[in-house]
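Hi,

Here is the structure I promised to pass on. Have a look at it first, then read my notes below.

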Amino acid sequence: MSKRVISFHYTLTNTAGEKLDSSQGDHPLTFMEGVGQIIPGLETHLRSMKPGDKRKVLVKAAEAYGTRDDSLVLEVERKKLPNKQVKIGDQFRTNQYPTPLTVTKLTDSHATLDANHPLAGQDLTFDVEITEVRDATADEIAHGHAHGPGGHHHH
């Protein structure tokens with residue numbers, strides 16, 4: 001089966017209606033289907049859409065960034081942190097976890113770090129508009145991701 005590359009604009013909101021992210025005013029997001037570049041619950045909807053289609057898509061937490069995992073919440077001694085002037089909301093990367101650790105609580109001696117994705121446990125709403133659908137090139141298929149504006153190598 002030939003893989004397709006899908007480009008789309010999106011606005012992401014949480015269940016309270018707060019805007020979390022958007023591609024408006026920038027390049028559309030581009031992904032190659034079937035390689036896990038975007039959350040599974042959103043990809044399922046986008047695959048059935050055509051250029052010009054607009055849709056509001058609700059993605060349940062389990063199909064987005066997963067449910068919260070309490071075992072990913074750690075309490076560490078503050079002196080073990082790389083930065084002594086740490087504050088709530090700061091993030092650290094470690095080799096042990098795929099997502100950054102976010103500081104969620106501080107005491108004089110300890111810090112609580114959360115390795116859950118910041119959007120874990122949340123149902124998400126995407127307002128999407130498909131801008132382009134095309135067959136992936138042989139090069140894109142070989143490398144496992146889309147190229148060009150909004151693709152893997154574009155920052």
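**The four-stranded sheet**

Let's start with β7 and strand β8 (residues 110-114): they run antiparallel and are joined by four bridges. Before you go further, keep in mind that this is a predicted model.

The link between β7 and β8 is a hairpin, which gets from one to the other through three residues. You can pick out individual partners here: K105 has T112 of β8 as its bridge partner, and T102 is matched with D114 in β8.

On to the next neighbour of β7. Strand β6 (residues 91-92) pairs with strand β7 (residues 101-106) over two bridges, again in the antiparallel sense. Look for Q91, which stands opposite T102 in β7.

β8 also has β5 to deal with: five bridges join these two strands, which run antiparallel. Within β8, T112 is the bridge partner of E75, and L113 is the bridge partner of L74.

Put together, this makes an open sheet of four strands in the order β5-β8-β7-β6, with antiparallel pairing. Which strands stand at the edges? They are β5 (73-77) and β6; each has a single partner strand, so one side of each is left without a neighbour in the sheet. As for β8, four of its five residues are buried, so this strand is largely enclosed by the rest of the structure.

If sheets are new to you, a bit of background: strands of a sheet pair through backbone hydrogen bonds, either parallel or antiparallel. Also handy when you rotate the view: in a regular strand the side chains alternate between the two faces of the sheet.

**The whole chain**

Now zoom out. The chain comes to two helices and nine strands, and along the sequence they follow the pattern β-β-β-α-β-β-β-β-β-β-α. Its C-alpha atoms fill a box of roughly 55 × 35 × 30 Å along the principal axes. Of the 155 residues, 36% count as buried. If you take the contacts between residues at least 6 apart in sequence, 63% of them join residues at least 24 apart.

**The cores**

What about the inside? The largest nonpolar core has 18 residues, and F8, L42, L46, V59, F126 and V128 are those with the most contacts inside it. The elements that give two or more residues to this core are β1, α1 (40-46), β4 (54-59) and β9 (124-135). There is also a second, separate core of nine residues, which includes V86, F92, Y97 and L101.

F126 is a good residue to click on. Setting aside its neighbours within four places in sequence, F126 is in contact with Y10, T11, L12, I39, L42, R55, K56, V57 and V59.

**The largest pocket**

Last stop: empty space. Rolling a probe the size of a water molecule over the atoms shows where empty space is left. The largest pocket has a volume of about 200 Å³. Which residues line the largest pocket? They are F8, Y10, L12, D21, L29, Q37, I38, I39, L42, Y65, L119 and F126. By class, that lining has 10 nonpolar, one polar and one charged residues. Strand β1 (residues 4-14) gives the most to the lining, with three residues. You'll recognise F8, L42 and F126 from the largest nonpolar core, where they are among the residues with the most contacts.

Have fun exploring!

How values were computed: Residues are numbered from 1 along each chain as its sequence is written. This is a predicted model: local features need pLDDT of at least 70, side-chain atom pairs count only at pLDDT 80 or more; totals for chains, interfaces and linings use all residues. Side-chain values use heavy atoms; hydrogens and water are left out. On a 1 Å grid over the protein atoms alone, a cavity is a set of points where a 1.4 Å probe fits but cannot get out, and a pocket is an open set with protein on both sides within 12 Å along at least five of seven lines; lining residues have an atom within 4 Å of a point. Grid points are joined across faces, edges and corners, and a volume is the space filled by probe spheres set on the points. Ala, Val, Leu, Ile, Met, Phe, Trp, Tyr, Cys and Pro count as nonpolar, Asp, Glu, Lys and Arg as charged, and the others, Gly among them, as polar. A nonpolar core is a set of buried Ala, Val, Leu, Ile, Met, Phe, Trp, Tyr and Cys residues joined through side-chain atoms within 4.5 Å. Buried means under 20% relative accessible area, exposed over 50%, partly exposed in between (1.4 Å probe, protein chains only). Contact means heavy atoms within 4.5 Å. Two strands pair if DSSP finds at least two bridges between them.
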